[in-house]
Amino acid sequence: QIEDVMPEIEEYYKKNHNGRKLTWYHSVSNGVLTFTSNVGKYDLDVSTLQAAILFSWNHRQHRKLTFSDLKLATNIPDMELKKTLWTLIAHAKLKQQLICYEPIVETVQDLTDKTLFWLNYEFSILRGGRVQTRGHINMIQRLQLNTEKGREEENEEIMYLRGERAKEAIVQIMKMRHRMNNTQLQTELIEMLKFMFVPSRKLIKETIEWLIEHRYMARVENNISEYVYVA
């Protein structure tokens, strides 16, 4: 959600601050999310990375997701994802956790690609031994991003997998529809992929260009915003 509007913000900044560079520090960004459980409604102070993880359940509220699913959905490198998840599944000040998981492990390093995670809809806040149906919790942890080469390689691998899933989905859609305009194609693509990740505008554009270049689809003559399937 944030990634799509970042280029617009950067462009606006450049116009108003000539010669300056805008740098994003996601590890120290934060916001407030409202989480509604079966017990009540709670406002959560979360870091951007924590928010990205929680957003992974937006379109699949009751699904159990593996660590691999969350990595694909968030594009957060392995170690950072583990550290951020740990703050949501083992928060020292909470008697109940926002996210449940199995199998239970002793340390963050013991989480694996097959570890299962799901939202805890029985979550509540206890104060003085009484359940609170409303409340405010600070979940923010100052997690530092790892900038080593390994992180870059992980990002490249995840983006490659996202690109491949997007190609497969667009071909499937075009094969079924035969002819579509750009808006319709983007809408159907997002609907198809939202259970894995939400493709950015940039990814969609690059994938369409790749498929046109490799003759899986073509632009309609005299209308560059409409495409036809090439058998």
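**Exercise 1. How many of the eight residues of α2 are buried?**

Before we dig in, a word on the ground rules. The model is predicted, with local features needing pLDDT of at least 70, side-chain atom pairs counting only at pLDDT 80 or more, and totals for chains, interfaces and linings using all residues. Residues are numbered from 1 along each chain as its sequence is written, and side-chain values use heavy atoms, leaving out hydrogens and water.

*Solution.*
- Start with the cut-offs: buried means under 20% relative accessible area, exposed over 50%, and partly exposed in between (1.4 Å probe, protein chains only).
- Helices (H or I, at least four residues) and strands (E, at least two) are DSSP runs, numbered from the N terminus.
- Now the count: six of the eight residues in α2 are buried, which leaves the helix mostly covered.
- They are Thr48, Leu49, Gln50, Ala51, Ile53 and Leu54.
- For the wider setting, the chain has seven helices and eleven strands, and buried residues make up 38% of its 231 residues.

**Exercise 2. Work out at what angle α2 and α4 cross, and which residues meet there.**

*Solution.*
- Axes are lines fitted to C-alpha atoms, for helices over the stretch in contact, and angles run from 0 to 180 degrees between N-to-C directions.
- For α2 (residues 48-55) and α4, the axes come within 10 Å and cross at roughly 80°.
- That crossing makes α2 roughly perpendicular to α4; the classes are roughly parallel under 35 degrees, roughly antiparallel over 145, roughly perpendicular from 65 to 115, and oblique for the rest.
- Next, list the contacts, where contact means heavy atoms within 4.5 Å.
- From α2, Leu49, Gln50, Ile53 and Leu54 meet Leu81, Thr84, Leu85, Thr87 and Leu88 of α4.
- Sorted by class, the α2 contact with α4 has six nonpolar, three polar and no charged residues.
- The classes go like this: Ala, Val, Leu, Ile, Met, Phe, Trp, Tyr, Cys and Pro are nonpolar, Asp, Glu, Lys and Arg are charged, and the others, Gly among them, are polar.

**Exercise 3. Do the same for α3 and α4: at what angle do they cross, and which residues meet?**

*Solution.*
- The axes of α3 (residues 67-74) and α4 (residues 78-89) come within 11 Å and cross at roughly 110°.
- α3 is therefore roughly perpendicular to α4.
- Phe67, Leu70, Lys71 and Thr74 of α3 meet Asp78, Leu81, Lys82 and Leu85 of α4.
- By class, this α3 contact with α4 has four nonpolar, one polar and three charged residues.
- Zoom out to α4 itself: its buried residues are Glu80, Leu81, Lys82, Thr84, Leu85, Thr87, Leu88 and Ile89.
- The cover over the buried residues of α4 includes α2, α3, β4 and β5.

**Exercise 4. Why do the buried residues of α7 sit on the same side of the helix?**

*Solution.*
- First check the geometry: α7 (residues 201-213) has 13 residues and reaches 18 Å from first to last C-alpha, close to the 18 Å expected at 1.5 Å a residue.
- That expected span is 1.5 Å times one less than the number of residues.
- The buried set in α7 is Leu203, Ile204, Thr207, Ile208, Leu211 and Ile212.
- Those residues cover an arc of only 165° around the axis, so they end up on the same side of α7; the arc is that of the directions from the helix axis to the C-beta atoms.
- The general rule helps here: an α-helix has 3.6 residues a turn, so residues three or four places apart point the same way.
- Turned away from the buried side of α7 is a face carrying exposed Lys202, Lys205 and Glu213.
- Take one of the buried set: Leu211 has 1% relative accessibility.
- Leaving aside residues up to four places away in sequence, Leu211 touches Lys167, Ile170, Val171, Tyr216 and Met217.

**Exercise 5. Where are the backbone oddities Asn75, His178 and Pro103 placed?**

*Solution.*
- Asn75 is in the loop between α3 and α4; Asn75 is not a glycine, yet it has a positive phi of about 65°.
- Asn75 is partly exposed, at a relative accessible area of 21%.
- His178 lies in the loop between α5 (149-177) and β9 (179-181), with phi near 75°.
- His178 is partly exposed too, with a relative accessible area of 48%.
- Pro103 is in the loop between β4 (99-102) and β5 (116-119), and the peptide bond from Glu102 to Pro103 is cis, with omega near -5°.
- One extra for your list: just after α7, Arg215 takes a positive phi of about 60°.
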